[in-house]
Every structure is written in C-alpha cells, then in structure tokens.
Amino acid sequence: MITENNKKCAVIGAGVSGLGAAIRMRNKGYTVTVFEANTFPGGKCSSETKDGYRFDMGPSVFTMPQYVDELFILSGKNPRDHFNYIPLDPVYKYFFEDGTFLDAYHGKEKFAEQLAAKTKDKKEDIIKYLDKTETVYNLTDEVFLKNSLHRLKNFFTWPVLRGILNFGKIGAFDTMAGANKKSFKDSRLVQIFNRYATYNGSSPYLSPATLNVIAHVEIVKGAFYPEGGMVSITASLAKLAKDIGVTFHYGTPVREILIANKKITGVQTDNGTEAFDVVISNMDVYNSYKKLMPQVKRPAKTLDQPKSSSGIIFYWGINKEFKELGLHNILFAENYEEEFDTIFKKKSIYHDPTIYVNITSKHTPTDAPPGCENWFAFINVPNNQGQDWDMFITEARENMILKVNRILKTDIRPLIASEMVFDPRVIESRTSSAFGAIYGNSSNNKFAAFLRHANFSKDIKNLYFCGGSVHPGPSIPLCLCSAKITTDLIP
Ligand SMILES: Cc1cc2nc3c(=O)[nH]c(=O)nc-3n(C[C@H](O)[C@H](O)[C@H](O)COP(=O)(O)OP(=O)(O)OC[C@H]3O[C@@H](n4cnc5c(N)ncnc54)[C@H](O)[C@@H]3O)c2cc1C
C-alpha cells in the first residue's frame, strides 16, 4: 500500500536503472513520470526481431537476480508471478585457437575440477584463487555497491570502515592481468580470468585486480537465464512500474532540465514544460550535463575520465544448429594483450578479435526458426572517436567469420540467413551514451571507482543521477544498485 506524499518526480530514461528508480520513488509515495526518448523501455536492455530471429540487443549475462526480485517484493508482489529465471550450468564454453575447449561450470569445486583437468594448474590452486576473490568481494561489496561514495557519513559504518581498513588486500595496487599471471601457470586460465575486465569495458592490463571480484560473482554466485531472454528483465520492470501507477511518456526525449535558483523546477519536452519537485536522470551523465543543462558548470574531472570500450555486434540468423555451442561462448584471441592495446591505445579494431557468441535459442527455441540459431556475435572495440566505422565493420565481419570458421571447422558464411549490425555510433544514438561507450567511464585506473559521478548533484538541489555512467557503475545488477543508492538519498 503506497502512502502518497503529493510530490512529483520525473525520471529521464527508462533504462534498467531508470525503471528501478521509478519503482522505488513510486513506493516512497511520489507521483512518478518517466520520459523515454525511445518508443520502448529498457535502453540497452531491449529486443528486436528480424526474419523470424529474436535478439537481445545488449546485455546477455544475468547475475545477481535478487536485485530484480527486490523491486517486486518492495511493491508487494511475488516476483515469481511476474519474472522467472533458471541457473546456468555450465555458464560458459571457452574455445582457444590451439583446439582447447573448456566448459566453465557453476561453483568453485566443479569449475576448478574441469579447468584443472584441461590446464597446467591444480584444482586446489584454482579454488584458492576463487577463495581470494570471495574475500575481496566481501570486503568491497558494501563499500562500492551498496552506498554512495560521496556522502561522508557512509564511511562511518563498520562494513565500509572494514573495507577501507583492508584496502591493501583488495588488489587495488596490482593490475588484474598482473595478479592473474602470478596466480596461474597456464596462460589459458590467465586469459579466462582476465576476461572479466571486459564486463565493465576495461583492459585487464590497466584495471586494478580488485575487478577479479566479477569472477566470484559469476562463477560462485552464479549466472542465470531469464525466461524469455534478457528483455524480460526490463519488460517486467516496466510493467511493474505501470501497475503501481508510474506514468510513462515514450518517444518523448527531455530537452532541458529546468532549474531556478540552483533548484530543480521541472523538465521541458517537445510537448511543453512540466513542474517537478525532484528529477532523476538515467540519461548518461556526460550528456545530461552537455545536452539538458549546458548552463550548469560541469564537473569536468569526473565527466572527462577516459570512457570504456564499445562493441561491434552482428545479430546473425544462422541456418544451422551447432551442438558444440551453448548460451554463452567465447572464442579467444591468441594474443590478448595485443588485442587490448589495439582497442585502448590505438583506438582501433584487432585483426584476431576475441568473439563472444550468445545464442538464446539454446534455451528459448522460439527465438529462431526450427533447425536454426540466433547468434549475437560481439567483439570489443574502442569507443567512438570519429573512426571509420563502416570500414571497421567490413573488416570485423571478415575477421570474425574467419575465426569462427577456424574454430568450428566449418564455413558459416553461407549459413548467415539474416543480419543486423550495431556499432558505437548506433549505441550512442539509441541510448545517448557518450561516445557510444557501453559502460560509462572505464575502470582503467585504480581510482576509477572514486571518479564516477555521484548519484546526486552537488550544486543543484533535488537533482539526482542513476545508471551505468554514475556510481557504482555499469551492468544490470550495478544499475539496479545505483537506483537504490540514488533513491535512498531522496527523503
Ligand atoms: C552490447 C552490450 C552488452 C552488454 N552486456 C552486459 C551483460 O552481459 N550483463 C550486464 O549485466 N550488462 C551488460 N551490458 C551493460 C548494461 O546493459 C548496461 O550497464 C545497462 O543496461 C545500462 O542501463 P542504464 O539504466 O544505465 O541506461 P541505458 O540502458 O543506457 O538507458 C538509458 C535510457 O535513457 C534514455 N534517454 C537518454 N536520453 C534521454 C532524454 N534526453 N530523454 C528521455 N530519455 C532519454 C535512452 O533512450 C535509454 O532508454 C551490456 C551493454 C551492451 C550495450
């Protein structure tokens, strides 16, 4: 039962974090209106269908489902009546050019056993490594994921103080790749663990070893598949928001955040102006300042941090089923360091890219015609600095096909029955992400976590920010944490 407080809140953007914030604000008693530029909810987490193939256009790996469930429970509903998911085991299938194939299972024991059987490292050493990432997770979770890093009082709680006192133990002073090289003899294992830096668009050779906690989240806490695909996360949250009384205006970009005497007064759209007591922007924070309030002094140090990587994604309808592939597949580059150097230093695309292939028809057969598969084939690329993307797409397509052909020992070219492609320019225009970077600021330095924008404006009263471009950062679970941290700051 919601107790109305007669105050109005505008949420700019119906990304997963905007939806989380809208649901939380409505539950606080606010009258909530969501303005969304697209004609559909979800932002990066949306879906499209072409030639009988359905694709999740953005996120595909789902972890920490409790943060979605929490929103249903908060709204007095049983999540299982509205949103369902299954645990994955194995989670990933890894392929290397030397012919090695590895299944990555859920849980320390099973994961370590399978990897030890096929690599030079011992099961006990893999478990020891995972124990260490668990310790780091337990030390950092409260500090980085549950609280604003920009409110002094939050630093005086025991879990946060414990995290700070143990700063030396969390790997902030080593790089991810450096720490992983010290932990394993086998370069394939190092590569598997280095991969987790890409989950927030960073390079393992530059980002702090603290990010190894992502391995703990996926391998030990587990990865899940939402029934109906990733889009069911945002579709079910948009429905929940509507059911509890949130108003949505789709196809309605906010043009300006209205401010008077350093205080929010409302928003302006093409339909006119509307007064609000509180505004939460789920639009990328860089563009929130640049496009919606250019008169406000921008916090340049935070906003101008280097941005994360982006992606070239081919959505391929494949006219065949591949028994050797699963839901999540990685086809590794031979020289990982050179690949990241090319992306982050040369701002170019690599000739032998690591390819991620996601195939939801493995779990939802209706996502592809009978006997066929829907391939989301992704490579990491730099964000948009004006490179020749049309040329990159042509090159990437060729290199990706050649690599898949080598590893699967077949020619997929004649099997591509349908095709769509996204590049950083499309990601930028569809979601207003600065430079088409998928994950906001990169985490390519040890202070990155502290250099994300706060969840509130220090200068404008009643202006707040949530989503992947602000604290605590990108991914579905972190964006939902962002929504909670933000709305917890609002009385
Ligand atoms: C290819 C790809 C793969 C990914 N893989 C994963 C993964 O496997 N697992 C995972 O957890 N995460 C993954 N992510 C990251 C994850 O999708 C994002 O971190 C998350 O979805 C971002 O949500 P958000 O709420 O910040 O906003 P966004 O999804 O960026 O949405 C912002 C919304 O605001 C709207 N908007 C912008 N400006 C305005 C305006 N002026 N007025 C009105 N509306 C506006 C946009 O139209 C958009 O709908 C991936 C992302 C991509 C693109």
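The lining of the second largest pocket breaks down by class into eight nonpolar, five polar and eight charged residues. The structure is a predicted model. The points below cover that pocket, an open sheet of seven strands, a contact between helix 4 and helix 8, and some backbone details.

**Second largest pocket**
- The volume of the second largest pocket is about 400 Å³.
- Its lining consists of 21 residues, and S187, R188, Q191, E334 and Y336 are those nearest the centre of the pocket.
- Helix 7 gives the largest share of this lining, with five residues.
- At least two lining residues come from each of helix 6 (176-183), helix 7 (187-194) and helix 12 (336-344).

**Open sheet**
- The sheet has seven strands in the order 8-7-16-17-18-15-19, with mixed pairing.
- Strand 8 (101-104) and strand 19 (416-422) each have a single partner strand and stand at the edges, so one side of each has no neighbour in the sheet.
- From one strand to the next, the twist averages 20 degrees.
- Strand 16 (residues 328-331) and strand 17 (residues 355-359) run antiparallel and are joined by four bridges.
- Within strand 17, V357 is the bridge partner of N329.
- Helix 14 (residues 424-431) lies across strand 15 (310-318), strand 18 (373-381) and strand 19, and runs at about 95 degrees to strand 15.

**Helix 4 and helix 8**
- Helix 4 (residues 123-145) and helix 8 (residues 213-221) have axes that come within 8 Å and cross at roughly 110 degrees.
- Angles of 65 to 115 degrees count as roughly perpendicular, which means that helix 4 is roughly perpendicular to helix 8.
- On the helix 4 side, the contact is made by L130, T133, E134, V136, Y137 and T140.
- On the helix 8 side, V213, H216, V217, I219 and K221 make the contact.
- By class, six nonpolar, three polar and two charged residues take part in the contact of helix 4 with helix 8.

**Backbone details**
- Most residues other than glycine have a negative phi, and most peptide bonds are trans.
- The peptide bond from D89 to P90 is cis, and its omega is near 0 degrees.
- P90 sits in the loop between strand 6 (85-87) and strand 7 (92-95).
- A cis peptide bond with omega near 0 degrees also runs from H471 to P472.
- P472 belongs to the loop between strand 20 (463-465) and helix 15 (476-488).
- N261 is not a glycine, yet has a positive phi of about 50 degrees.
- The loop between strand 11 (254-260) and strand 12 (263-269) contains N261.

Key
Residues numbered from 1 in each chain as written. Predicted model: local features only at pLDDT ≥ 70, side-chain atom pairs only at ≥ 80, totals over all residues. Heavy atoms only, no water. Axes fitted to C-alpha atoms, helices over the stretch in contact; angles between N-to-C directions. Parallel < 35°, antiparallel > 145°, perpendicular 65-115°, else oblique. Contact = heavy atoms within 4.5 Å. Nonpolar A, V, L, I, M, F, W, Y, C, P; charged D, E, K, R; others polar. Pairing = 2+ DSSP bridges. 1 Å grid on protein atoms, 1.4 Å probe; cavity = no way out; pocket = protein on both sides within 12 Å on 5 of 7 lines; lining within 4 Å. Points joined across faces, edges and corners; volume = space filled by probe spheres on them.
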